[in-house]
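Okay, thanks for squeezing me in. I'll put the model up and then talk through one spot in it, before stepping back to the whole chain.

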Amino acid sequence: MTKKAWGGRFESNPESWVDAFNASIHFDKNLIDQDIQGSIAHATMLAEQNIIKTEEANQIIQGLKDIQADYYNGNLEDIHLNIEHALIQKIGQVGGKLHTGRSRNDQVATDMHLYTKQHVQEILTLIESLQKSILVIADEHVHTIMPGYTHLQRAQPISFAHHIMTYFWMLERDKSRFNDSLKRIDISPLGAAALSGTTHPIDRHRTQELLNFSSLYENSLDAVSDRDYIVETLHNISLTMVHLSRFAEEIIFWSTDEAKFITLSDSFSTGSSIMPQKKNPDMAELIRGKVGRTTGHLMSMLVTLKGLPLAYNKDMQEDKEGLFDAIHTIKGSLRIFEGMISTMQVNKERLNETVHKDFSNATELADYLVEQNIPFREAHEIVGKIVLWCIQNGKYLLDVPLEQYQSYNERIQENVYDYLKPENCLNRRKSYGSTGQESVQHQINVAKELI
């Protein structure tokens, strides 16, 4: 009979296929660094509390460091299964004292808190790196005009910088959510044991300090049962991925032959196996597609927790794979996105051409009529009729003869043409947060201060 950590109560082992279903070794390896870190802190505290001897703690700590080194050197085969078992094999029975005053429940919970904290901090760094790339592009294109859209129909001319800065602010809110979640991630469950604490005179505040947690759980049941921070992290990842997906959709559209607003670097594009001319925005499409898996992990975790009684239940083993994959997915997506947009070419001439060959300045004409003391609703109807005439005659608003304008309303004068120029459409927008060039430059300056 293979020895189990819990084997004393049992007369036989599960069938091998049952063992395989129960096992978590194929993903627990992700936690080796956190597990070693938590175990070293626990052993240090046990010695300081005179629960084990100092020389025993030193022997355990060195053994743990050797196991960690062996793992990264590829010299261990079964480390994923049980670090404690490997420790006993390496340093003898003194290794069995490591588990004094703790349970696998608070041990794994500690690992997960340490892991989530580390990776959320890395995600924050990657988000900021992407924001910096957005700022570089925005700085270069404050005066680049593009058509703004609603319903995927051209609406009003806007600054390209204004458009792309929208994603800066989405990511800033994402950063805020991740930062706020750290308050609920950065809590130590170590010492809660299985569910009710321990009879040994441990010092939970000391292990909190050694592991650099900002606080600890006040309730031992809560410490081993809480997975809220995982749900919250999955939510934050899912929402950030949704924002990346929206941005990816714009990149995909902008790079089409129909738009030609941008040209993607070859490094972030792929070709076709049958159509030699193709240059596909596959990286953007993949990011757009990966939102399904990150959102799925969030839903899975919520359903897993629904109806679970206190304290630990084996269902909670399902908290890991989804989180690991979601973290891996968002980190990869952020790196790809940063590279993709920092190397893309913005086609300024094409963008300028589009805003001179559409009706995105129609609102300007309505506002012009309002300034001539015409009620907006009446002005709206007049402009609608002028646009219809343009469509029927293959013209744009800047092409309409003055006599034709005056046939709709005699108050329209020669200065209407300056009013309708796309660059003037932007410059007249002075309201805070608008697409006016002064306003856009101001928001970029605010963003730089934040970064």
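So, Ser 434: at 10% relative accessibility, this serine counts as buried, where buried means under 20% relative accessible area, exposed is over 50% and partly exposed is in between, with a 1.4 Å probe and protein chains only. Keep in mind this is a predicted model, with local features needing pLDDT of at least 70, side-chain atom pairs counted only at pLDDT 80 or more, and totals for chains, interfaces and linings using all residues. Residues are numbered from 1 along each chain as its sequence is written, and side-chain values use heavy atoms, with hydrogens and water left out.

Where does Ser 434 sit? You'll find Ser 434 in the loop between helix H18 (422-427) and helix H19 (437-450). Helices here are DSSP runs of H or I, at least four residues, and strands are runs of E, at least two, numbered from the N terminus.

What does the side chain of Ser 434 reach? One partner is the backbone oxygen of Arg 429, at 3.1 Å. There's also a polar contact of 3.2 Å between the side chains of Ser 434 and Ser 439. By polar contact I mean a pair of N or O atoms within 3.5 Å; within protein, one must be able to donate a hydrogen and the other to accept it, and residues adjacent in sequence count only if both atoms are side-chain atoms. If you skip neighbours within four places in sequence, Ser 434 is in contact with His 162, Arg 429, Ser 439 and Val 440, contact being heavy atoms within 4.5 Å.

Now over to Leu 426, which lies in helix H18. Leu 426 has 0% relative accessibility, so it counts as buried. Not counting residues up to four places away in sequence, Leu 426 touches Ile 145, Pro 157, Ile 158 and Ser 159, and also Thr 435, Gly 436 and Gln 437. Ile 382 is 44 residues from Leu 426 along the chain, and their C-alpha atoms are separated by 22 Å.

Okay, zooming out. The chain has 19 helices and 6 strands, and buried residues make up 47% of its 451 residues. Its C-alpha trace spans about 100 × 50 × 40 Å along the principal axes. As for contacts in the chain with a separation of 6 or more, 73% are between residues 24 or more positions apart.

That's my tour, happy to rotate the view.
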